[in-house]
Amino acid sequence: MKRVGQILAVVAVAAAGGQGAAAAQGSPWLTLLVGALTVVLSLLVYRWAVGRTERRPVTELAAQGAPRAVLRGLLIGVAMFACVIANIAFLGHYQVHGLGSAPGTVELAGFMAAAAVTEELIFRGLLFRLVERGLGTYLALALSAAVFGASHLLNEDASLLGALAIAIEAGGMLAAAYAATRSLWLPIGLHFGWNFAESGIFGTEVSGNGATHGLLDASTSGPRLITGGEFGPEASVYAVLAGALLTLTFLWLAHRRGTVVPRRRAERVGALVTLAR
């Protein structure tokens with residue numbers, strides 16, 4: 001029941017933040033404010049709920065090194081999506097029509113920051129971390145990635161292909177990033193950098209949620225396998241390949257650091273969380 005309470009507390013804040021962002025839609029600065037408040041409140045609630053129920057320091061959100069880890073993740077996320085767009089553009093399927101909307105970019109920053117933080121707390125901080133205790137890193141990664149991908153089937157232009165792509169490129173990659181660092185800061189930065197680049201910079205669809213209005217007024221056209229179709233470039237084969245490569249890189253790093261939890265060796269987790277970087 002304590003674990004259920006942890007999840008419900010964070011989900012409640014995420015839901016409230018989502019409703020607030022939806023209500024503030026059309027008002028960029030208000031959306032940014034709502035997003036910032038959602039980020040702060042979500043982190044505080046997670047710290048409180050996990051610290052109280054598990055009776056331990058919440059090292060996965062340790063303040064030391066947090067700004068650097070978030071920045072590192074943000075740069076990786078932006079660079080990763082830029083490579084995806086570069087490949088699509090090279091084939092002539094991404095076109096820039098001009099400058100987009102600065103207010104729209106501000107609005108997207110608030111919305112994407114709230115989404116990145118709440119989703120990382122729920123899917124990596126709670127789901128992956130708790131399942132890993134009993135099933136080990138690899139099974140927990142597969143299970144949490146599948147659930148993360150399936151959650152995107154609720155989006156407006158969702159597709160099974162898009163959900164599968166999200167499971168591989170994002171669900172697996174972000175869980176592997178947590179496994180390698182035992183910290184949520186890198187996955188949070190990576191998640192935000194990827195989503196903001198996709199919407200706020202390059203102006204493409206995000207996870208089947210429709211068109212966005214970022215810094216660039218742009219569009220994609222062409223084969224679904226290349227562009228991702230209505231779901232957006234996240235369903236592109238290039239995004240899947242990029243995410244898979246980063247997943248393997250983070251898992252290699254986790255092996256090198258000795259932070260992979262084998263199945264039936266759950267007692268190691270208590271020691272691993274102290275390795276947060």
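**Exercise 1. In which helix is leucine 139 found?**

Let's start with the ground rules. This is a predicted model, where local features need pLDDT of at least 70 and side-chain atom pairs count only at pLDDT 80 or more, while totals for chains, interfaces and linings use all residues. Residues are numbered from 1 along each chain as its sequence is written, and side-chain values use heavy atoms, with hydrogens and water left out.

Step 1: Leucine 139 sits in helix H4, residues 102–151 (helices are DSSP runs of H or I, at least four residues, numbered from the N terminus).

Step 2: Its relative accessibility is 39%, so leucine 139 counts as partly exposed (buried means under 20% relative accessible area, exposed over 50%, partly exposed in between, with a 1.4 Å probe and protein chains only).

Step 3: Leu139 also joins Leu135, Leu143 and Val147 in a nonpolar surface patch of about 280 Å². Patch members have over 30% relative accessible area and no salt bridge, and nonpolar side chains are joined within 5 Å; a salt bridge would be a Lys or Arg side-chain nitrogen within 4 Å of a carboxyl oxygen of Asp or Glu.

**Exercise 2. Work out how the rings of two phenylalanine pairs are arranged.**

Step 1: The structure holds six aromatic pairs (ring centres of Phe, Tyr or Trp, the last by its six-membered ring, within 6.5 Å; planes under 30 degrees apart are stacked, over 60 edge-to-face, the rest tilted).

Step 2: For phenylalanine 123 and phenylalanine 148, the centres are 4.9 Å apart and the planes stand at 70°, so this pair is edge-to-face. Phenylalanine 123 is buried at 12%, and phenylalanine 148 is buried at 2%.

Step 3: For phenylalanine 192 and phenylalanine 196, the centres are 5.6 Å apart with planes at 15°, so we call the pair stacked. They are four residues apart in helix H6 (residues 185–201), which means about one helical turn separates them.

**Exercise 3. Which residues does methionine 80 touch, leaving out those up to four places away in sequence?**

Step 1: Find methionine 80 in helix H3, residues 66–90. With a relative accessible area of 6%, methionine 80 is buried.

Step 2: List the partners: Glu169, Met173, Trp194, Ala239, Ala242, Gly243 and Leu246 (contact means heavy atoms within 4.5 Å).

Step 3: Pick out tryptophan 194, which is 114 residues from methionine 80 along the chain, yet their C-alpha atoms are separated by 7.1 Å. Trp194 also belongs to a cluster linked by ring pairs, together with Phe81, Tyr94 and Phe202.

Note on methods:
Patches are made of residues with over 30% relative accessible area and no salt bridge: like charges are joined within 9 Å, nonpolar side chains (Val, Leu, Ile, Met, Phe, Trp, Tyr) within 5 Å. Accessible areas come from the Shrake-Rupley method with a 1.4 Å probe; for residues, only the protein chains shown count as cover. Helices (H or I, at least four residues) and strands (E, at least two) are DSSP runs, numbered from the N terminus.
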